[in-house]
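Please open the model in your viewer and keep the selection panel at hand, as this tour goes from one selection to the next.

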Amino acid sequence: MTTGLLIVQILNGLQLGILLFLVAAGLTLVFGVMDFINLAHGVQYMLGAYLAVTFIGLTGSFLLGLALALAAALLIGLALEFLIFRHLYERDHLDQVLATFGLILLLNQAVKMVWGAAPLSVAVPELLSGNVRLLDGILYPTYRFVLIGAGLAVAALLWFIVEKTRTGMLLRAGASNAPMVSALGVDIRKLFMIVFAFGTMLAGFAGVMAAPILSVEPGMGDNILILAFVVIVVGGIGSIRGAFVGALIVGLVDTLGRSFMNDLLRLFMSAPSARATGAALSSMLIYLVMATVLFVRPEGLLPAKGRS
Amino acid sequence: MTVEASTQAAPPRPAAPARHRPVFVIALFLALAAVPLAVTLGLPAHWLTLVTRAMIFAIAALSLDLILGVGGLVSFGHAAFIGIGAYATGIMITEGQTEALIILPVLLAACAVFAAVTGAVSLRTRGVAFIMITLAFGQMAYFLAQALSAYGGDDGLTLYEQSTLAGFEPFANRTTFFYVVLAVLAFCHVLVRALVASRFGRVLRAARENATRVTMTGFDVGRVRLVAYVISGMIAGLSGFLLANQTEFVSPAFISWQRSGELIFMVVLGGVGSLHGAILGALAFLIAEDVLSGLTEHWKVIFGPMIVLFVLFTRGGLVGLLGRLTGRRDG
Amino acid sequence: MAEPVLALIGINKAFGALKVTDCVSLAVQPGELHALIGPNGAGKTTLVHQISGVLRPDAGQIMFKGRDITELASEKRAQAGLARTFQITSTIPSLSVLENVALGVQARAAHPLALLRNAAEDAALNEPAWAAIAAVGLTERAHVLAGRLSHGEKRALEIAMALTLEPSVILLDEPLAGVGREEGERLIALLNSLKGRYAMLLVEHDMEAVFALADTVSVLVYGRVIASGDPASVRADPAVREAYLGEEG
């Protein structure tokens, strides 16, 4: 283990954390404000990535493709809200889980039919295709820096909206006490639409940004959805700050665990058994973190205020 | 008891309402028992395997109904127990131990330990957090199975032998296998039904509706739920044992979170909390899957919307539908 | 005076800066009906929550049958014989009246969580349950689901559930709230018939009922007990008249 490798892995962990935050933020908002558990949120991430493949391919421009992909993701999200989700807000969580589960089956398969089952990829935009020199002999791709920066900028924007604007105040109030918000005379349906559209855009944005560095394939949304759940549970349901902290913890623990667990175990055991145990342990690591957090603080690290 | 009847004479006790005879349940099991006969009379031969597989999943769905339907705990990681059962079977057979009398106790203990540990953590939360955490623990089991490189890892583990039972080979013949699974299913159904009707089951049912009241009455609700979770996990493990012997193959896909979602759908499709509904739901699900996947490889494009429409437009599942058709309140 | 069955000694509880329970001391004697009255926001329900273990007091002691139960969990208090009813009725809607009451019997049975024996046909549970049901006058409604009972019947059911705990003290949190006049009278008669056999701490708004039923009345205002004694002397207490009864008009 060298310092250089450590720095690179920390950056990788940050980058995973940022992607997780973008997905988890929408999920936790929708859940916190609407008491709606949307398993299909991961599918929005996947759609963002696929739409990026199509639109960047069509236009030949990353920025234009990004804008079109986001608009298309938003349209699909709103259509789903109108057709299905709207009818589920009043239902119990079991119905919500099941209906959105059915939607995942449909959309994963639909994506396979439209784009094929083989993994696709998007080229990194030329301007950002270089590397940044960190230390002697250690390079890190510029695009990944941009991704981390963009994610942090979105997080800052989100913080501003939630903490400083009127809509944000309603969101915070809704996350801790939804009936109160409707008692204030706010059009709940409109608020729900805004929250939902917003969450969809964030997940879609994460998908577009991830497209150049990950392989775009059916089911890619499912894995990130479950990681986002872990993030939300660790951070505290309904809390944006919790989602941010939780996402960074999960991103760093997972990445560092996978790269250094073997070396760590080599100190105690032979190479083959270290490899086997390391693979098993590192894949379980974030769940162990989650269990530990829950055991100490069942409501998560930074629960939304007023939610017990 | 210190409670005495009040000074005025109490009115006579009314008779308890007549209990329904379990007509549906008996009809269901008779119909299942007739499947091998129907196959000799012309039903396509693969139905014997299909219904065996469906009954194996019915055992798992039944166990899920105990915590989800009766206890009100929406567990989204139930496939993990099928997986633990299947992997314990696969690993022991690979290591040369085929005797079910040895495999089963080990497997049940493994499921019980996993359920006790994950249950103790997840039951500290409720509602959506419980759904997410059980999902995450299920996923943990999935990745653990993937990491078992000595036992197939990502590719899964092929079994070259089936289990034996006290030296006999009950799984070698398909018809015998069918009846073994049917017997296990019937046994589990009777067992779970007895659990639900017992003192323990009454507390579990009551806690679903009003946990505060039950606590104030003097019960430790968390402990009751944990026991139900452990029992449920062990029964699901049993279905994993049967599944491994049927497919003669074990893979991480057994534990995928889609599988857990499918189990929930089976329970809801049949009718939550009715127990035989879960059996009916599992049969309907696997038969529908078989028929649809025979039509097109993209069957999930049909199946997904079916689930959505089912949730949006039906209540009470197949059991509720049967009840409405025959004018009865419950099955 | 005999040893009190329930005694609060200097209980304090604050939510932030707000003192909701301010050095409250109370004693409930065996067999006595002790009424706790006070205007809205006086902290009556908070006090009941502390006695039943839903909330922990910041300071002070709760003695039950000579034992300090201040730190005991809710279900342990119930098992020890401290029963309560809720301000908002709290039953199990999809269980029948008989099953609701049998649930209480079960909590004190030798095997409260027996796993396989059928509970619905268990005479060891049902006989005491029938007795408690008869005591509150619900025999004819025994097989009705609790969710289908009238409001007053649910109150009576709650009291029957409390009786099965073989309680030494029953905490009654506004049992007459939201109950119609006729059903209210039936409940008052029921409480009267239980007096002497059980010690009861009754939190109630209905003054007429309180002064008709109670052996002792304590008055809580802004978290403090400002008067305590027999109904006649409390009614005559000038501080009470000013702080509380005066408001009634």
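Among the elements of chain B, which has the lowest mean pLDDT and which the highest? Helix α14 (residues 317-326) of chain B has the lowest, at 76, and α10(B) the highest, at 96, where pLDDT is the predictor's confidence in each residue, from 0 to 100, and helices are DSSP runs of H or I with at least four residues, strands DSSP runs of E with at least two, both numbered from the N terminus. Over residues 1-7 of chain B the pLDDT is below 50, and this stretch has 16 contacts in the model beyond near neighbours in sequence, a contact being heavy atoms within 4.5 Å.

This is a predicted model, in which local features need pLDDT of at least 70 and side-chain atom pairs count only at pLDDT 80 or more, while totals for chains, interfaces and linings use all residues. Residues are numbered from 1 along each chain as its sequence is written, chains are lettered from A and ligands numbered from 1 in the order in which they are written, and side-chain values use heavy atoms, with hydrogens and water left out.

Next, select residues 174-197 of chain B, which form helix α7. This helix has 24 residues and reaches 35 Å from its first C-alpha to its last, close to the 34 Å expected at 1.5 Å a residue, the expected span being 1.5 Å times one less than the number of residues. Buried residues of α7(B) include B:Phe177, B:Leu185 and B:Val196; buried means under 20% relative accessible area, exposed over 50%, and partly exposed in between, with a 1.4 Å probe and protein chains only. The elements of chain B against which the buried residues of α7(B) pack include α3 (46-70) and α10 (221-247).

Now go to B:Glu248, in the loop between α10 and β2 (249-250) of chain B, which has a positive phi of about 50° although it is not a glycine. With a relative accessible area of 33%, B:Glu248 is partly exposed.

Move on to C:Ser52, which lies in helix α1 (residues 44-52) of chain C and counts as buried at 4% relative accessibility. Its side chain is joined to that of C:Arg84 by a polar contact of 3.0 Å, that is, a pair of N or O atoms within 3.5 Å; within protein, one must be able to donate a hydrogen and the other to accept it, and residues adjacent in sequence count only if both atoms are side-chain atoms.

Finally, select strand β6 (residues 82-85) of chain C, where C:Leu82 and C:Arg84 on one side and C:Ala83 and C:Thr85 on the other are all buried.
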